[in-house]
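Please load the model in a viewer and keep the selection panel at hand. The stops below are meant to be followed in order.

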Amino acid sequence: MISYVETAIFFVLALVALGLEAWALLDCVRHKSAAFEATGKRTKTFWLALTAGATLIGVISLFSSGGIFGTLGLFGLAAVVAASVYLADVRPAVKDAGRGGSRPYGW
C-alpha cells in the first residue's frame with residue numbers, strides 16, 4: 001500500500017518538475033537573443049541548451065520506472081534548479097529588456 005502512494009507522489013513531483021522545465025524552455029525560445037546580451041546574462045544558446053537538457057532529464061525521469069535511471073536523483077534535482085534559476089533570474093531581466101522599459105525603482 002505504501003509503495004503505491006510513494007510511486008504516486010514521485011510521479012506527481014516528476015510531472016510538476018517537467019512542467020517547470022518545459023515552461024523555462026518555451027520561454028527561452030520565445031525571447032530574442034539580443035535581449036539576453038543586453039541584460040548581461042549568458043547567451044541565448046547557453047540557456048537553450050541548459051533548459052533543453054533539463055527538460056530532457058525531466059522527460060526521462062517522468063517515464064522511467066526504476067532501472068538505471070530511476071528518478072534520476074541528483075540529475076533531476078539539478079534540472080529543476082537550472083529551470084528555476086532561468087525562471088527566477090534570467091526571465092525577468094530578459095522580459096524587461098524585450099519591452100525596452102525602465103527597471104523598477106530607478107535601477
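Helices in this tour are DSSP runs of type H or I with at least four residues, numbered from the N terminus. The coordinates belong to a predicted model. Display the whole chain as a cartoon: its secondary structure amounts to four helices and zero strands, in the order α-α-α-α along the sequence. Of its 107 residues, 31% count as buried.

**Stop 1: helix H1**

Select residues 2–30, which make up helix H1. This helix has 29 residues and spans 42 Å from its first C-alpha to its last, close to the 42 Å expected at 1.5 Å a residue. Val5 is located in H1 and is partly exposed, at a relative accessible area of 44%. Add Met1, Ile9, Phe10 and Leu13 to the selection: with Val5 they form a nonpolar patch on the surface, whose accessible area is about 550 Å² together.

Next, colour the buried residues of H1, namely Ala14, Ala17, Leu18, Glu21, Ala24, Leu25, Asp27 and Cys28. Leu18 has a relative accessible area of 15% and is therefore buried, the cut-off being under 20%. Draw a distance from the C-alpha of Leu18 to that of Thr55: the two residues are 37 apart along the chain, and the separation is 6.3 Å. A second distance, from Cys28 to Ala52, gives 9.5 Å between C-alpha atoms across 24 residues of sequence. Ala52 belongs to helix H3 and is partly exposed at 34% relative accessibility.

**Stop 2: the salt bridges**

How many salt bridges does the count come to? The count is three. Begin with Asp27, whose side chain meets that of Arg30 in a salt bridge of 3.0 Å, N to O. Both residues lie in H1, three residues apart, about one turn of the helix. An α-helix has 3.6 residues a turn, so residues three or four places apart point the same way. Asp27 counts as buried at 4% relative accessibility, whereas Arg30 counts as exposed at 55%.

Now select Arg91, which also forms a salt bridge with Asp27, with the closest N and O atoms 3.2 Å apart. Asp27 lies in helix H1 and Arg91 in helix H4, so this pair ties together parts that are 64 residues apart in sequence. Both Asp27 and Arg91 are buried. Shown together, Asp27, Arg30 and Arg91 are linked in a network of salt bridges.

Move to Lys41 and Asp89, another salt bridge, with the closest N and O atoms 3.2 Å apart. Lys41 is in the loop between helix H2 (33–39) and H3, and Asp89 is in helix H4, 48 residues away. Lys41 is partly exposed at 27% relative accessibility, and Asp89 is partly exposed at 40%.

**Stop 3: the aromatic cluster**

Select Phe46, Trp47 and Tyr86, which ring pairs link into a cluster. The search of the whole structure finds two aromatic pairs. Phe46 and Trp47 have ring centres 5.2 Å apart and planes at 85°, so this pair is edge-to-face. Trp47 and Tyr86 form a tilted pair, 5.8 Å centre to centre with 55° between the planes. Trp47 lies in helix H3 (residues 44–63) and Tyr86 in helix H4 (residues 73–99), so the pair ties together parts that are 39 residues apart in sequence.

Which of these residues are buried? Trp47 and Tyr86 are both buried, while Phe46 counts as partly exposed at 31% relative accessibility. Finally, add Arg42: its charged end sits over the ring of Phe46, 4.2 Å from the ring centre.

How values were computed
Residues numbered from 1 in each chain as written. Predicted model: local features only at pLDDT ≥ 70, side-chain atom pairs only at ≥ 80, totals over all residues. Heavy atoms only, no water. Patch = residues over 30% accessible without salt bridge, like charges linked within 9 Å, V, L, I, M, F, W, Y side chains within 5 Å. Areas by Shrake-Rupley, 256 points an atom, 1.4 Å probe, with all protein chains shown as cover. Salt bridge = Lys/Arg side-chain N within 4 Å of Asp/Glu carboxyl O. Helix = DSSP H or I, 4+ residues; strand = E, 2+ residues; numbered from the N terminus. Buried < 20%, exposed > 50% of the residue type's maximum accessible area, 1.4 Å probe, protein only. Expected span 1.5 Å × (residues − 1). Phe/Tyr/Trp six-rings, centres within 6.5 Å; stacked < 30°, edge-to-face > 60°. Lys NZ or Arg CZ within 6 Å of the ring centre and 35° of its normal.
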